[in-house]
Amino acid sequence: MGLEESLPSGVLLTTVEKLAGAARSHSMWPATFGLACCSIEMMSTGAGRFDLARFGMEVFRPSPRQADLMIVAGRLSQKMAPVLRQIYDQMPEPKWVLAMGVCASSGGMFNNYAIVQGVDHIVPVDIYLPGCPPRPEMLLDAILKLHEQVQATKLGVNRQNEITELEAAALVAEPTSAMKGLLR
């Protein structure tokens, strides 16, 4: 007698880690941290055409204590860097950071003393989204890749600092074939 014969219909089997990963990834609340032109694209992602609400992220949180995803959209100046770090420190664990745009990822065309050459010098970045500015479709794709990364994260003492293959693939969000069709 197999396992499927002994269980009644309608029984769902999973692990606590998978259940917690699904709950975390489907209930992310982003913090508003728009710094430059990328923030316009980030705001349009929440509009009706792209509808960020279908991923449980319809409200950008005004307080860092209510947010668990920081989308750093645009160039980060040296004066703004301590503020970014303070907001990141006020966010509850677990928290994730998405660097949106080439300026947030590497300083972009602003190679001078006034601009931080990558947000990862100030806060740890979970996923980089290239582009100047990246389209809302690309941001949605990066968020979906971040969801996959969050679902694969282990809980408690089992959490590893190693980068898994899934996380390594999600570090640089490149448009998938479906997204390339939308960009035309």
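These legends walk you through several close-up views of one predicted model. In this predicted model, local features need pLDDT of at least 70 and side-chain atom pairs count only at pLDDT 80 or more, while totals for chains, interfaces and linings use all residues. Residues are numbered from 1 along each chain as its sequence is written, and side-chain values use heavy atoms, with hydrogens and water left out.

**View 1. An open sheet of 4 strands with parallel pairing.**
Follow the strands across the sheet and you meet them in the order β1-β2-β3-β4. At the edges are β1 (30-31) and β4 (127-129), each of which pairs on one side only. Strands here are DSSP runs of E with at least two residues, numbered from the N terminus, and two strands pair if DSSP finds at least two bridges between them. As a reminder, strands of a sheet pair through backbone hydrogen bonds, either parallel or antiparallel.

**View 2. Strand β3 beside β4.**
Zooming in, β3 covers residues 96-100 and pairs with β4 in the parallel sense over 3 bridges. Which residue stands opposite Leu129 of β4? Look for Met100.

**View 3. A salt bridge within helix α4.**
Side chains of opposite charge can pair when their charged atoms come close. A salt bridge is counted when a side-chain nitrogen of Lys or Arg is within 4 Å of a carboxyl oxygen of Asp or Glu, and the structure holds 5 of them. Here Asp89 meets Arg85, with their closest N and O atoms 3.1 Å apart. Both residues lie in helix α4 (residues 81-90), 4 residues apart, which is about one turn of the helix; helices are DSSP runs of H or I with at least four residues. Asp89 has a relative accessible area of 45% and Arg85 has 32%, so both count as partly exposed, because that class lies between buried (under 20%) and exposed (over 50%), using a 1.4 Å probe and protein chains only.

**View 4. A salt bridge within helix α6.**
Lys145 and Asp141 also form a salt bridge, their closest N and O atoms being 3.7 Å apart. These two sit 4 residues apart in helix α6 (residues 136-151), about one turn of the helix. Are they buried or exposed? Lys145 is buried, and so is Asp141.

**View 5. A salt-bridge network of Glu41, Arg135 and Glu137.**
Salt bridges that share partners join these three residues. Glu137 and Arg135 meet at 3.5 Å, N to O. Glu137 is buried, at 6% relative accessible area, whereas Arg135 is partly exposed at 34%.
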